[in-house]
Amino acid sequence: MSSEQIVYLNGELLPLDEAKVPVLDRGFIFGDGIYEVVPVYGGRVFRWPHHHARLERSLKKIGIDNPMTADEWTRLVQDLIARHPWTDQFVYLHITRGVAKRDHAFPKGVAPTVFAMSSPLTLPTQAVREAGIDVITLPDVRWLHCDIKSISLLGNVLARQAAADAGALECIQFRDGFMTEGSSSNIWIVRGGQVFGAVPDNRILEGIRVGLMDELCRDAGLALTLRPILREEVLAADEVMVTSATKEILPVARIDGKPVGTGRPGPVYAALYAAYQRAKARHD
Ligand code: PDD
């Protein structure tokens, strides 16, 4: 499949196998860059203005001048999607500080590296959504700028691997006794029919589905509160869910092997999943 995949690198569209980056790229050397993951449904980008705005925020937070205008980003994303036959895709955008002699301080006068690719989006199967997923709990040992969608993902990679080693799909991380997020998703709990999520501060990535959750809850007639959430509240929740661009919304069946609520996906998940599908159908 990779030979058919056309990617973008520094102004050029070319086959994935031909896209090469110099080893002194600061993304390779330091993980010095940021990224985005944008879902595409039926050939149309979902929540693109939100993803574009977060990309701009991430660039600003690490002091990289945005190498492209909003229109240029939009065109690039559309060109990439149009090159591929898949109805549902996800676009990966990646910007690093560029290629320079190895020195931790920012280089001067160096152009950022811009890489983008689109891949088929394989959504979780109905069987997975009906069974719910396993997650494990972990201490959050990452840095304190998790709000930046940084390509330096070692903490997230190790957390995800710990989950995989335990036969789980995701983890729930805790810092100082409070829930933060998964390795690559945001976490939601349900208590007494209300939905709760962590406050999007420097300790978590503000997923595009955090803003979306507000709309989904309104659509489904549910109350949503973002506030600090204790580990004990998570373990005692009626329902727990994860959200991300590639998972949409998934119910958690077990945490550390113990059932969440009844151990089956609950009614709040069902209502939010239905609201998600309505939002997708509206293409907004
Ligand atoms: N990850 N938190 C982290 C640490 C993430 O990496 C992600 C997304 C999210 C959810 O954000 P959104 O709703 O915008 O997808 C939260 C992407 C999908 C990834 O790294 O592949």
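Colleague: How far is a ligand nitrogen atom from an N or O atom in the side chain of K149?

Modeller: The distance is 3.4 Å. Keep in mind that this is a predicted model.

Colleague: And the ligand oxygens, what do I find at I208?

Modeller: A polar backbone atom of I208 is 2.8 Å from an oxygen atom of the ligand. With R209, the side chain is involved: one of its polar atoms lies 2.7 Å from a ligand oxygen.

Colleague: How much of the ligand's accessible area does the protein cover?

Modeller: It covers 90%. On its own, the ligand has 480 Å² of accessible area.

Colleague: Which pocket is the ligand's space?

Modeller: The largest pocket.

Colleague: Which elements give two or more residues to the shell around the ligand?

Modeller: Strand β3 (33–41), helix α6 (208–220) and strand β13 (239–244).

Colleague: Which residues come nearest to the ligand?

Modeller: Y35, E181, I208, R209 and A245, out of 18 around the ligand. You already met I208 through its backbone contact and R209 through its side chain.

Colleague: Switching to chemistry, how many of the shell residues are nonpolar, polar and charged?

Modeller: Five are nonpolar, nine polar and four charged.

Colleague: Last one. Which domains does the shell draw on?

Modeller: Domain 1 (6–120) and domain 2 (126–282) each supply at least three residues.

How values were computed:
Residues numbered from 1 in each chain as written. Predicted model: local features only at pLDDT ≥ 70, side-chain atom pairs only at ≥ 80, totals over all residues. Heavy atoms only, no water. Near = heavy atom within 4 Å. Polar contact = N/O pair within 3.5 Å; in protein donor to acceptor, adjacent residues only side chain to side chain. Areas by Shrake-Rupley, 256 points an atom, 1.4 Å probe, with all protein chains shown as cover. 1 Å grid on protein atoms, 1.4 Å probe; cavity = no way out; pocket = protein on both sides within 12 Å on 5 of 7 lines; lining within 4 Å. Sits in = over half its atoms within 2 Å of the grid points. Helix = DSSP H or I, 4+ residues; strand = E, 2+ residues; numbered from the N terminus. Nonpolar A, V, L, I, M, F, W, Y, C, P; charged D, E, K, R; others polar. Domains from an automatic or database assignment.
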